[in-house]
Amino acid sequence: MPLKELERLEAVHRYLSLELSVSDELQKIVKTAAEICGTPTALISLIDEDTQYIKFKQAFDFTQTEREHAFCNHTIGKPDFFVVEDALKDHNFVNNPLVTGNPMIRFYAGIPLTTHDGYNLGSLCVIDQIPREISAMNLKMLKLLARHAINLFEFESGLALMKQQYLEAKQVELKLSSFFESSTSEHIIIDRDYTILAFNKRLRDFVNNEYGIAIEKGMKVTNFIRENYLLDFVKNCQRALDGEQVRHERLIQFGPNAHWCDITYDPARNSSGEIIGVSFNSTDITDRIVQQQKMMNHQDILMETAFLQSHELRKPVANIKGLLTLLEMDGYFKSYSGLFKIQKANDILDERIHAIVGFTGT
């Protein structure tokens, strides 16, 4: 199947699934087309791969027909219009079941419903059960009505797309808001003038507890930062405004309490990538620092233990080993078999001391 037809079918399916709010207007177009041309029947139809779907109609019994039998299938292949003055005299339609049976079509005139990007989705047509001709003026009027009809369809399609994008945007907003508010860190976004643009609940509660201030959007963040931190804050914000990410860990004193914080200053950008402010984030890492300190203290104990083992225990073991070597050289091992057991025990102790020292890295 050609790519253009695949793209046309995709557009048809999109229009078929629309919930139309302009149905009355489209039905009036059908009625007006029939009145202008003096025919009993008029249709607006859309054609997919196998079926013609009758979306709006006057004096027509079917809601759909097979595509291969549809007169409108010929219309969508034309750039302008398609007319059959007498179907019984046209070899393409003389045996068509829509001619030989209900609705007994003899006369047909159709205008393609062409989208702004050039796809013929279906047609606006008029039908009669007697042969007839159509004037140039009536064809012109049908073209105007067909253009109005496709404009209404495209309006509905655009509106549906906007609704879908709005809902998707709201879902993304809710997810981001949920993440923003459920974070265990304090987040605040400020513009280039240090005016607050956004903040999360954790930061709001923190500022209220520590400074006794109920922050709001539009306030200056510099109004409640303690003087001893203000210079450092402004310097790091300026680095972020220059496009740099700043991150550091520091111990911050809040009243009688001190907390270790992991602090970041990130450039805040708009949809065009321009830096419009700073995203400031602070995470309390006091527990992690305390655990690290405990681990370091534990490592110090291990190092001290290893030192004692390597220097205090090794010395007597080495002395015993030396004495046993001398006794062996003097032949005492032959007279006193217990010396073999002492030598073996001493060797095992020496091996274990080496293993412990190796494990602790001294």
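Here are some short exercises, with worked solutions, on the predicted model shown above.

**Exercise 1: The whole chain**

Find how many helices and strands the chain has, and what share of its residues count as buried.

Solution.
- Step 1: Go through the secondary structure, and you will find 10 helices and 11 strands.
- Step 2: Turn to burial; of the 362 residues, 37% count as buried.
- Step 3: For the surface itself, the accessible area of the chain is about 21,800 Å², and carbon and sulfur atoms hold 55% of it.

**Exercise 2: Contacts along the sequence**

Take the contacts in the chain with a separation of 6 or more, and work out what percentage joins residues 24 or more positions apart.

Solution.
- Step 1: Keep the contacts whose residues have a separation of 6 or more.
- Step 2: Among these, pick out the pairs 24 or more positions apart; they make up 52%.

**Exercise 3: Two cysteines**

Decide whether Cys 37 is buried or exposed, do likewise for Cys 261, and then count the disulfides in the whole structure.

Solution.
- Step 1: Cys 37 has a relative accessible area of 7%, so Cys 37 is buried, the cut-off being under 20%.
- Step 2: Cys 261 has a relative accessibility of 6%, and therefore counts as buried.
- Step 3: Searching the whole structure for disulfides gives 0.

**Exercise 4: A close look at Thr 65**

Place Thr 65 in its strand, judge its burial and list what Thr 65 touches.

Solution.
- Step 1: Thr 65 lies in strand E3, which covers residues 64–66.
- Step 2: Its relative accessible area is 10%, so Thr 65 is buried.
- Step 3: Leaving out residues up to four places away in sequence, Thr 65 touches Asp 50, Thr 51, Gln 52, Ala 70 and Leu 98.

Conventions:
Residues are numbered from 1 along each chain as its sequence is written. This is a predicted model: local features need pLDDT of at least 70, side-chain atom pairs count only at pLDDT 80 or more; totals for chains, interfaces and linings use all residues. Side-chain values use heavy atoms; hydrogens and water are left out. Helices (H or I, at least four residues) and strands (E, at least two) are DSSP runs, numbered from the N terminus. Buried means under 20% relative accessible area, exposed over 50%, partly exposed in between (1.4 Å probe, protein chains only). Contact means heavy atoms within 4.5 Å. Accessible areas come from the Shrake-Rupley method with a 1.4 Å probe; for residues, only the protein chains shown count as cover. A disulfide is a pair of cysteine sulfur atoms within 2.5 Å.
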